[in-house]
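Biologist: Could you pick one part of this model and take me through it closely? I would enjoy one connected account, with the surroundings brought in as you go.

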Amino acid sequence: MKTIILRCTLFSCSLVCLCQALLADHPVRFYVRVLAHDGNEGCDVADIDGDGKLDIVAGRNWYRNGEWTPRAMRIIEDNNGYVRSNGDSIYDVNADGRPDVVSIDFLGSEVYWYENPGGEPLMQGYLWPKHLLGDTEWANNEVSYLIDLNQDGKPEFISNQWVNKNPMLAFSFTKETRQIEVTEGRKTEWVEKEIPTLIKNKIGEVNGHGIGFGDVNDDGRDDIVFGNGWYECPEGDRLAGVWKYHPDWEKKHAACPMLVFDVDGDGVTDVINSVAHGYGIHWWRGLGPGDDGKLQFEEHLIDDSFSQPHCLALADFDGDGTQELITGKRVRAHNGKDPGGLEPPVMKYYVWDQESKSFEVFPIVESTVGIGLQIRTADLDDDGDVDIVVAGKEGTQILFNARLHQR
């Protein structure tokens, strides 16, 4: 497979001419808005204050749309080059109509939720009340996800474990009625209250760096893929049933997330994976099961020009109805000790060319912005195109899509 690597500055006229010759609607240009300089690596997007506009949550702060100045949300400690949070996931935990934040530490087993206070406390930057959701009992958390495994409209919480012998677990949100002590003035009493909590569902005994979700065996049910194979989604009750483990591959430091979809439109599901702590982004072209029943893939290199493409995402930047692949260099992953770990940051996107059955690559931004653990996409400025939010160890940024303003 031929991979075209373009090494130019983002706004180079020659680059624009070359790329437009390759694909008429590309490159899409982006301009950067820096929100903070810190070591946080997680972010998410939602309407935090209820004004109808999408805001950003990123680590210690939230950022109101249009102002984009930090308002305090929570206190997070730093530990040996890492902020003690492995990502931000927004979910209305207590069903009060306000988006809350769910988070866990890299090396902690407790899952906490941070309650959106709303009103004046929210706007004045008061800290959000911190509540324990549950203890997973496992503390090797790579990246955590909210994903609706049983399609009941509520997500499950899954934290990918980088240790192979740790189990694969999914936790469901529920509420327990508990007796709690309430003090008002000088009066203290015990009252019953519904407390949000998590219920453990065991997927399997094997885990490993990297995870993704999708129908990898084309049976109509979304499976779980990870660095050491995949778990087959059962029929019926997906959380009570047995997820069959298939050790069909073994990939060290797989992507978080791996992307599971039919890339080339041939009716067989493919996987896009990367070497999260090294070099290489790959398209696994699905070939279906082999004679031994194992899923077969034909691996094609997409790009190996930069290291640590830890996180992958999809978004339609040019508005043509087809999503582009997005990734970049995770900044100082393993504190710069990975291969290429101290090379300059970069972000790129990749456009699928159906005629050549290959990806064309375009820079988003070079030398100034990389990625962390999560890439979020949404139309933040309400101009009709998709923007990017990233948070990494060089800071938190918005990359505004200038597609509708560049001609």
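Modeller: Gladly, and one cut-off will help us from the start: a residue counts as buried when its relative accessible area is under 20%, as exposed when that area is over 50%, and as partly exposed in between. Please keep in mind that this is a predicted model.

Let us begin with strand 21, which covers residues 270–274. Five of its five residues are buried, so strand 21 is largely enclosed by the rest of the structure. The burial holds on both faces: Asp270, Ile272 and Ser274 point one way, Val271 and Asn273 point the other way, and all are buried.

What lies alongside strand 21? On one side, strand 20 (residues 259–261) runs antiparallel to strand 21 and is joined to it by three bridges. Strand 22 (residues 279–289) also runs antiparallel to strand 21, this time with four bridges. Val271 is a handy residue to follow here, as its bridge partner in strand 20 is Val260 and its bridge partner in strand 22 is Trp284. Along the chain, a hairpin of four residues carries strand 21 into strand 22.

Now step back past strand 20. The loop between strand 19 (244–246) and strand 20 contains Pro257, and the peptide bond from Cys256 to Pro257 is cis, with omega near 5°. Most peptide bonds are trans, so this one deserves a look on your screen.

Pro257 also brings us to the largest pocket. Among the 31 residues that line this pocket, Pro257 is one of those nearest its centre, together with Tyr145, Ile147, Phe213 and Arg376. Strand 20 is among the elements that give two or more residues to the lining, along with strand 2 (44–46), strand 8 (89–91), strand 12, strand 16 (211–214), strand 24 and strand 28 (375–378). So the neighbour that bridges to strand 21 is also part of the pocket wall. The volume of the pocket is about 650 Å³, and its lining divides into 18 nonpolar, seven polar and six charged residues. Strand 12 gives the most to the lining, with four residues.

Strand 12 is worth following in its own right. In the loop that leads from strand 11 (130–135) to strand 12 (141–147) sits Glu137, whose phi is near 75°, a positive value in a residue other than glycine. Glu137 is exposed, at a relative accessible area of 59%. Gln308 offers a comparison: its phi is near 60°, again a positive value in a residue other than glycine, yet Gln308 counts as buried at 0% relative accessibility. Gln308 is found in the loop between strand 23 (295–307) and strand 24 (313–315), and strand 24 is one of the elements in the pocket lining. Most residues other than glycine have a negative phi.

Strand 12 also takes part in a salt bridge, made by Glu142 with Arg330, where the closest N and O atoms are 3.9 Å apart. Glu142 lies in strand 12 and Arg330 in the loop between strand 25 (324–328) and strand 26 (346–353), so the pair ties together parts that are 188 residues apart in sequence. Are the two partners buried or exposed? Both Glu142 and Arg330 are buried.

Strand 26 and strand 23 come back in another such contact, as Lys348 and Asp303 meet in a salt bridge (3.7 Å, N to O). This pair links distant parts of the chain, with Lys348 in strand 26 and Asp303 in strand 23, 45 residues apart. Here, too, the partners are buried: Lys348 has 4% relative accessibility, and Asp303 has a relative accessible area of 1%.

For contrast, salt bridges that share partners join Asp49, Asp51, Arg64, Glu67 and Arg71 into one network. Within this network, Arg64 and Glu67 form a salt bridge with their closest N and O atoms 2.9 Å apart. Arg64 counts as partly exposed at 23% relative accessibility, and Glu67 also counts as partly exposed, at 32%. The total for the model comes to 20 salt bridges.

Definitions and conventions
Residues are numbered from 1 along each chain as its sequence is written. This is a predicted model: local features need pLDDT of at least 70, side-chain atom pairs count only at pLDDT 80 or more; totals for chains, interfaces and linings use all residues. Side-chain values use heavy atoms; hydrogens and water are left out. Buried means under 20% relative accessible area, exposed over 50%, partly exposed in between (1.4 Å probe, protein chains only). Two strands pair if DSSP finds at least two bridges between them. On a 1 Å grid over the protein atoms alone, a cavity is a set of points where a 1.4 Å probe fits but cannot get out, and a pocket is an open set with protein on both sides within 12 Å along at least five of seven lines; lining residues have an atom within 4 Å of a point. Grid points are joined across faces, edges and corners, and a volume is the space filled by probe spheres set on the points. Ala, Val, Leu, Ile, Met, Phe, Trp, Tyr, Cys and Pro count as nonpolar, Asp, Glu, Lys and Arg as charged, and the others, Gly among them, as polar. A salt bridge is a side-chain nitrogen of Lys or Arg within 4 Å of a carboxyl oxygen of Asp or Glu.
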